[in-house]
Amino acid sequence: MKKDIHPDYHDITVVMTDGSEYTTRSTMGKEGDTIRLDVDPKTHPAWTGVHRLLDSGGQLAKFNKRFANLGLKN
């Protein structure tokens, strides 16, 4: 391998959404940095099977208002 062309590979701490943490190695940041996850396997619908709709900027409410009359009538 060529010298001095590879990124620094060091230990960082990853904090999961429930507060648990673990140490891994990465090229991100610098030695001892911490990554706080917003989405992880404990909260992501693909792994949990629970789907949540997040309304960012009122877009979900706007969509529901616009298409409310397209639902099935009983």
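Two strands count as paired if DSSP finds at least two bridges between them. Keep that in mind for the exercises below, which all use a predicted model.

**Exercise 1. Work out the fold on paper.**
Which helices and strands does the protein have, and in what pattern along the sequence?

*Solution.*
- Step 1: Start with the inventory, which comes to two helices and three strands.
- Step 2: Put them in chain order, and you get β-β-β-α-α.
- Step 3: Now arrange the strands in space. They make an open sheet, ordered S2-S1-S3, with mixed pairing.
- Step 4: Look at the edges. S2 (21-26) and S3 (34-36) each have a single partner strand, so one side of each lacks a neighbour in the sheet.
- Step 5: Add the twist, which averages 30° from one strand to the next.

**Exercise 2. Explain the word "mixed" by going through the pairings of S1.**
How many bridges join S1 to S2, and how many join it to S3?

*Solution.*
- Step 1: Take S1 and S2. Six bridges hold them together, and the two run antiparallel. The cut-off of at least two bridges is met.
- Step 2: Pick out some partners. His10 is bridged to Ser26 in S2, and Thr13 to Thr23.
- Step 3: Check the hairpin between S1 and S2. Five residues separate the strands, and Gly19 takes a positive phi near 95°.
- Step 4: Turn to S3. Strand S1 (residues 10-15) is joined to S3 by three bridges, and this pair runs parallel. Val15 has Arg36 as its bridge partner there, while Thr34 stands opposite Thr13.
- Step 5: Put the two together: S1 is antiparallel to S2 and parallel to S3, and the sheet is mixed.

**Exercise 3. Describe the surroundings of Thr13.**
Is Thr13 buried or exposed?

*Solution.*
- Step 1: Locate the residue, which sits in strand S1.
- Step 2: Compare its relative accessible area with the cut-off. The value is 18%, and buried means under 20%. Thr13 therefore counts as buried.
- Step 3: List who touches it, leaving out residues up to four places away in sequence. You should find Glu21, Tyr22, Thr23, Asp33, Thr34 and Ile35. Two of these names have come up already: Thr23 is the bridge partner in S2, and Thr34 is the residue opposite in S3.
- Step 4: Zoom out to the strand. Five of the six residues of S1 are buried.
- Step 5: Zoom out again to the protein, where buried residues make up 12% of the 74 residues.

**Exercise 4. Find the salt bridges and say how accessible their residues are.**
How many salt bridges does a search of the whole structure find?

*Solution.*
- Step 1: The search comes back with two.
- Step 2: One joins the side chains of Asp11 and Arg25, with an N to O distance of 3.4 Å. This pair ties together distant parts of the chain, as Asp11 is in strand S1 and Arg25 in strand S2, 14 residues apart.
- Step 3: Classify both ends. Asp11 has a relative accessible area of 31% and is partly exposed; Arg25, at 41%, is partly exposed too.
- Step 4: Another salt bridge is formed by the side chains of Lys30 and Asp33, at 3.5 Å from N to O. Lys30 is exposed, with a relative accessible area of 57%.

**Exercise 5. Characterise Asp38 and its contacts.**
Which residues does Asp38 touch, not counting those up to four places away in sequence?

*Solution.*
- Step 1: Place it. Asp38 belongs to the loop between S3 and helix H1 (45-48).
- Step 2: Check the accessibility. With a relative accessible area of 72%, Asp38 is exposed.
- Step 3: Its contacts are Thr17 and Thr43.
- Step 4: Check a C-alpha distance as well. Met16 is 22 residues away from Asp38 along the chain, and 7.8 Å separates their C-alpha atoms.
- Step 5: For the broader picture, take the contacts in the protein with a separation of 6 or more; residues 24 or more positions apart account for 8% of them.

**Exercise 6. Examine the surface.**
Which residues make a nonpolar surface patch of about 330 Å²?

*Solution.*
- Step 1: Begin with the total. The protein exposes about 6800 Å², and 53% of that comes from carbon and sulfur atoms.
- Step 2: The patch is the work of Phe63, Phe67 and Leu70.
- Step 3: Follow up on Leu70, found in the segment after helix H2 (59-66). Its relative accessibility is 67%, so Leu70 counts as exposed.

Notes:
Residues numbered from 1 in each chain as written. Predicted model: local features only at pLDDT ≥ 70, side-chain atom pairs only at ≥ 80, totals over all residues. Heavy atoms only, no water. Helix = DSSP H or I, 4+ residues; strand = E, 2+ residues; numbered from the N terminus. Axes fitted to C-alpha atoms, helices over the stretch in contact; angles between N-to-C directions. Buried < 20%, exposed > 50% of the residue type's maximum accessible area, 1.4 Å probe, protein only. Contact = heavy atoms within 4.5 Å. Patch = residues over 30% accessible without salt bridge, like charges linked within 9 Å, V, L, I, M, F, W, Y side chains within 5 Å. Areas by Shrake-Rupley, 256 points an atom, 1.4 Å probe, with all protein chains shown as cover. Salt bridge = Lys/Arg side-chain N within 4 Å of Asp/Glu carboxyl O.
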